[in-house]
Amino acid sequence: MSEIVLRAEGVGKRFGGFTALSGVDLEVRAGERLGLIGPNGSGKSTFTNCLAGAFPSHDGAFTFKGQKLAGLKSHERARRGLARTFQLPRPFRGMTVIDNIRVPLAYAGRDAATDERAMECLESVELAAKANRMPKELTQVELRRLELARATALKPELLIADEAMAGLSHAEVDQILALLFRLNEAGTTIIMIEHVMRAVTEFSQRLAVLVAGKKVADGEPRAVLSMPEVEEAYLGR
Amino acid sequence: MSDTALPALPSPAPRRMGHGSFWIVTIIIGLLVALALRGLGSEYGYFAATFVLQYIVLATAWNILGGYAGYVNFGAAAFFAAGAYTTVAMGKALGLSLLPCIALAALVGGALGFGTGILTLRLRGAYFAIATLCLSVVLQTLVVNWDYVGGSRGAYVLRPREVPWPFDGYSGLLCTVMVAMAAASVAISRTIQKSRLGLGLTALRDDEAAAEAAGVPTLKLKLIATSISGAMMAAAGAPLPYLGSYVEPNTAFGMAYAVNAIAMPLIGGMGTWSGPLIGAVLLASLQQAATVTISSAANLMIVGVVLVGFVCLAPHGIVGLFRGRR
């Protein structure tokens, strides 16, 4: 069995009087494809933001590759190999597509900051032909690919794909899925946060379910999806 | 090993000048400008050129934080005046001449920029702009109540009678120093824009959270930008007391500096090294022409009209017009 790359222990986060996350435990093994699902407001994005260092968690701790993440800023976590994409694509709009890739190559220091390497990242998401375009000239699915290319330029051990398929057509979902499968085959551990259930079930080797900030299920996808508490969370009583 | 061919590089971008070549070209242009002004040999010519050149430094310095990093600083006058009053204080306390005063002013401005950054860079947008405006008010109040540098009455700074060869007078020396400072500021700005630092600043200007997620240490970069920008703005202000032999708080902290520092990069093209240069040359020349032909009071009105025109018709400035809409 492969080693544990990420361990979340009792992670909690509050916004004022509202508890967004409470006592979430999660383990992810190297090379694994984990689906993290839950209804809107269940705490998936809060979990991602706490893990990526966008804001601190109030309780618990994250351990990544055996090292505690507490106190590390987002860019320090990124440099350690923890990459994320955003729910809504957030390209650097004032620079070309290839410059978007040069940023992580230049700053994360995990890979050679060369034009050739930047082009390889773009080629891996089939965006090489648009290297000199501006982000505003890209379609929605191309922007999603650019997000993935920017994340992969960090050469991450763990990638959190936060709703990378939201708003895409059936065919476009397949394209992104294929990209994620390729990344995983190349050795990247992936946490997929998604509402497109077809994609989640096709991709994930294991599913974890958050409901109202608590983890209610964790296991083999089909077994998890047939659990009464999961059905209840998605379909109501 | 995969036998897949490496992806082709994108169609070649226009070949750009290296940092070293750009510095050499800037030094040559600076020397030519200095020689041309020396050839002109007019006191007014020196004064007008010094006026335009100090705005090139000020606008270029402002652009490093405001244009590259997207943090709008309304407190340019505070940094400029900090430079001017460093000259007054150091001249009085240690009898230092202009060049060491400029170096000290840059240190003071850099420290002020760093301190301001530490205190305010967690603010964004209008909140940051207001905080920098407050800095100007606080600093002016301190200077008004600081008798050593003349307080609200102001301070006289006498120009040295002797000037070194090859200068024909202190105005010529002052103008040549400003030419050197303007050339250096443009070269520094261009070096930053084309460097890793410039790439990181542009990334955080576009999206700070995404920049962090891409490994960019945003707070560190912003502190570097505020320090460099502050140092250059203060250096721009250091020669001010020698320009008119007198300085007082209302002039040194004048709104004209704060407004021009923003208007010039905006009109020339923010976020590019050449934009503030073009904007400063155009707007400062226009203001000098208006001062001698209409009235000195017309200056800010001209800036206002030109600014409104550019915001409406060419929001990316003159550089944006030439580059075309990307």
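A residue is buried if 20 or more other C-beta atoms lie within 10 Å of its own, exposed if 12 or fewer, and partly exposed in between, with C-beta atoms placed from the backbone. Keep that rule at hand for the exercises below.

The structure is a predicted model, in which local features need pLDDT of at least 70, side-chain atom pairs count only at pLDDT 80 or more, and totals for chains, interfaces and linings use all residues. Residues are numbered from 1 along each chain as its sequence is written, and chains are lettered from A and ligands numbered from 1 in the order in which they are written.

**Exercise 1. Two loop residues**

Task: Decide whether E163(A) is buried, exposed or partly exposed, and do likewise for K65(A).

Solution:
- Step 1: Find E163(A) in the loop between β7 (158-162) and α6 (170-185) of chain A. Helices (H or I, at least four residues) and strands (E, at least two) are DSSP runs, numbered from the N terminus.
- Step 2: Count for E163(A): 19 other C-beta atoms lie within 10 Å, so this residue is partly exposed.
- Step 3: Look at the backbone of E163(A), where phi is near 45°, a positive value in a residue other than glycine.
- Step 4: Turn to K65(A), in the loop between β4 (59-64) and β5 (67-68) of chain A. K65(A) has 16 other C-beta atoms within 10 Å and is therefore partly exposed. Its phi is positive too, about 50°, although K65(A) is not a glycine.

**Exercise 2. A helix residue**

Task: Is N49(A) buried or exposed?

Solution:
- Step 1: Locate N49(A) in helix α1 (residues 44-52) of chain A.
- Step 2: N49(A) has 21 C-beta neighbours inside 10 Å, so it counts as buried.
- Step 3: Leaving aside neighbours within four places in sequence, N49(A) is in contact (C-beta atoms, placed from the backbone, within 7 Å) with A54(A) and F55(A).
- Step 4: S74(A) is 25 residues away from N49(A) along the chain, and their C-alpha atoms are separated by 9.1 Å.

**Exercise 3. A helix pair**

Task: Work out how α3(A) is oriented relative to α5(A).

Solution:
- Step 1: The axes of α3(A) and helix α5 (residues 140-152) of chain A come within 8 Å and cross at roughly 30°. Such axes are lines fitted to C-alpha atoms, for helices over the stretch in contact, and angles run from 0 to 180 degrees between N-to-C directions.
- Step 2: Therefore α3(A) is roughly parallel to α5(A). Angles under 35 degrees count as roughly parallel, over 145 as roughly antiparallel, 65 to 115 as roughly perpendicular and the rest as oblique.
- Step 3: List the partners: V97(A), N100(A), I101(A) and P104(A) of α3(A) meet L146(A), A149(A) and R150(A) of α5(A).

**Exercise 4. Where the chains meet**

Task: How many residues does each chain bring to the contact, and which helix gives the most on the side of chain A?

Solution:
- Step 1: Chain A brings 33 residues and chain B brings 25 residues.
- Step 2: In chain A, α2 (74-79), α3 (97-108) and α4 (115-124) each supply at least two residues of the side that touches chain B.
- Step 3: The helix that gives the most to this side is α3(A), with eight residues.

**Exercise 5. An unusual bond**

Task: Which residues does a cis peptide bond join in chain B?

Solution:
- Step 1: The bond joins W165(B) and P166(B), with omega about 10°.
- Step 2: P166(B) is in the loop between β1 (155-156) and α6 (170-193) of chain B.

Note on methods: Two residues are in contact if their C-beta atoms, placed from the backbone, lie within 7 Å.
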